[in-house]
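The following exchange concerns the fold, the packing and the backbone of one protein chain. Please consult the sequence and the structure while reading.

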Amino acid sequence: MKPRIAIDGPAGAGKSTVARALAQALGLTYLDTGAMYRAITLSALRKGINLSDAGDLARLAQHISIEIRNDGPDNQNMVFLDGQDVTEEIRLPEVSRNVSVVARCPQVRTILAARQRQIGMRGGVVMDGRDIGTIVMPEAEYKFFLTASLEERARRRQAELEAKGEKIGLAQMMNELSVRDQIDSGRECAPLCPAADAVHIDTTEMTIEQVVRKIAVSTGRSA
Ligand code: CDP
């Protein structure tokens, strides 16, 4: 079976970009699990659902259709919500600000993790998220936990948003990321934390290419 590679870590540590490039280089499927939580959050915001109501969120998660396609530019996941392409919209700051509250709902996690596990069982996948090495694919052959300083993570996120024409100050970005980190790490169900056997990589002073190469080498391949 082709390998399963789990990549976890806090927001802005470079997981998605690294996972996407790694999957492309190694000919594996890429799954951005955060995109699924973002899609549910976008749907909840559009429908005006109270994000603190676990029952309403669970009903929403059961009834909406989230389709992830592996055929976007640069191997990006394309995300379809009830058939509509929301690949761009799920990255809006409004979604980023609310996604951790939705993701701490246990029923939402159960529904999404089951789908993620199914994809993982096929093998040949690079999956990134918060609980991939611990809950979704604890049996993955390779596990990595990416970190970077809060300031560097905020700078990267700022640059991403600026490329899309959105401006946000560094202090505000640092604050938003740290609030999200706290909710993700502090929740009871599947908190953000490294698997005991994960390889830790501090990406603060590394380029994406360097991280991709380091991971590929750790798995006995070259990228
Ligand atoms: O790209 P970024 O690092 O900003 O975050 P993401 O991977 O898109 O994930 C967005 C949010 O979804 C996270 O802050 C978590 O609240 C949640 N998430 C999660 O709980 N479990 C996962 N496996 C993936 C994401």
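The questions below proceed from the sheet to the helices, the cores and the loops of this predicted model.

Reader: In what order do the five strands of the open sheet lie?

Author: Strands of a sheet pair through backbone hydrogen bonds, either parallel or antiparallel. In this open sheet the pairing is parallel. The edge strands, each paired on one side only, are β2 (29-32) and β8 (199-202). From one strand to the next the twist averages 20°. Read across the sheet, the order is β2-β6-β1-β7-β8.

Reader: Which residue of β6 stands opposite Y30?

Author: The strands β2 and β6 (residues 125-129) are paired in the parallel sense, over four bridges. The residue of β6 opposite Y30 is V126.

Reader: What angle does the direction of helix α5 make with that of β6?

Author: Helix α5 (residues 106-121) packs on the sheet, where it touches β1 (4-8), β2 and β6. Its direction and that of β6 make an angle of about 155°.

Reader: Is S43 buried or exposed?

Author: S43 belongs to helix α2 (residues 33-47). Leaving aside neighbours within four places in sequence, S43 is in contact with L60, I64 and L81. Its relative accessibility is 4%, under the 20% limit, and therefore S43 counts as buried.

Reader: Why do the buried residues of α8 lie on the same side of the helix, and what arc do they cover?

Author: Helix α8 (residues 170-186) has 17 residues and spans 24 Å from first to last C-alpha, close to the 24 Å expected at 1.5 Å a residue. Its buried residues are M173, E176, L177, R180, D181 and D184. They are placed on the same side of α8 because the arc they cover around the axis is only 135°.

Reader: Which exposed residues are carried by the face of α8 turned away from its buried side?

Author: The buried residues of α8 pack against α2, α4 (93-103) and α7 (150-163). The face turned away from that buried side carries the exposed residues A171, Q182 and G186.

Reader: Which element supplies the largest share of the largest nonpolar core?

Author: In soluble globular proteins, nonpolar side chains tend to be buried together. Here the largest nonpolar core has 37 residues, and those with the most contacts inside it are I40, L57, I66, V79, V108 and M137. At least two residues of this core come from each of α2, α3 (54-63), β3, β4, α4, α5, β6 and α6 (132-136). The largest share, seven residues, is that of α2.

Reader: With which residues is L57 in contact, leaving aside its neighbours within four places in sequence?

Author: L57 is one of the residues with the most contacts inside the largest nonpolar core. With neighbours within four places in sequence left aside, L57 is in contact with A44, I49, L51, V102, C105 and V108.

Reader: What is the relative accessible area of D74?

Author: Most residues other than glycine have a negative phi, and most peptide bonds are trans. The phi of D74, however, is positive, near 55°. D74 lies in the loop between β3 (66-69) and β4 (78-81). This residue is exposed, and its relative accessible area is 54%.

Reader: Is A190 buried or exposed?

Author: A190 is located in the loop between α8 and β8. Its phi is positive, about 50°, although A190 is not a glycine. With a relative accessibility of 10%, A190 counts as buried.

Definitions and conventions: Residues numbered from 1 in each chain as written. Predicted model: local features only at pLDDT ≥ 70, side-chain atom pairs only at ≥ 80, totals over all residues. Heavy atoms only, no water. Pairing = 2+ DSSP bridges. Axes fitted to C-alpha atoms, helices over the stretch in contact; angles between N-to-C directions. Contact = heavy atoms within 4.5 Å. Buried < 20%, exposed > 50% of the residue type's maximum accessible area, 1.4 Å probe, protein only. Expected span 1.5 Å × (residues − 1). Arc of directions from axis to C-beta. Core = buried A, V, L, I, M, F, W, Y, C linked by side-chain atoms within 4.5 Å.
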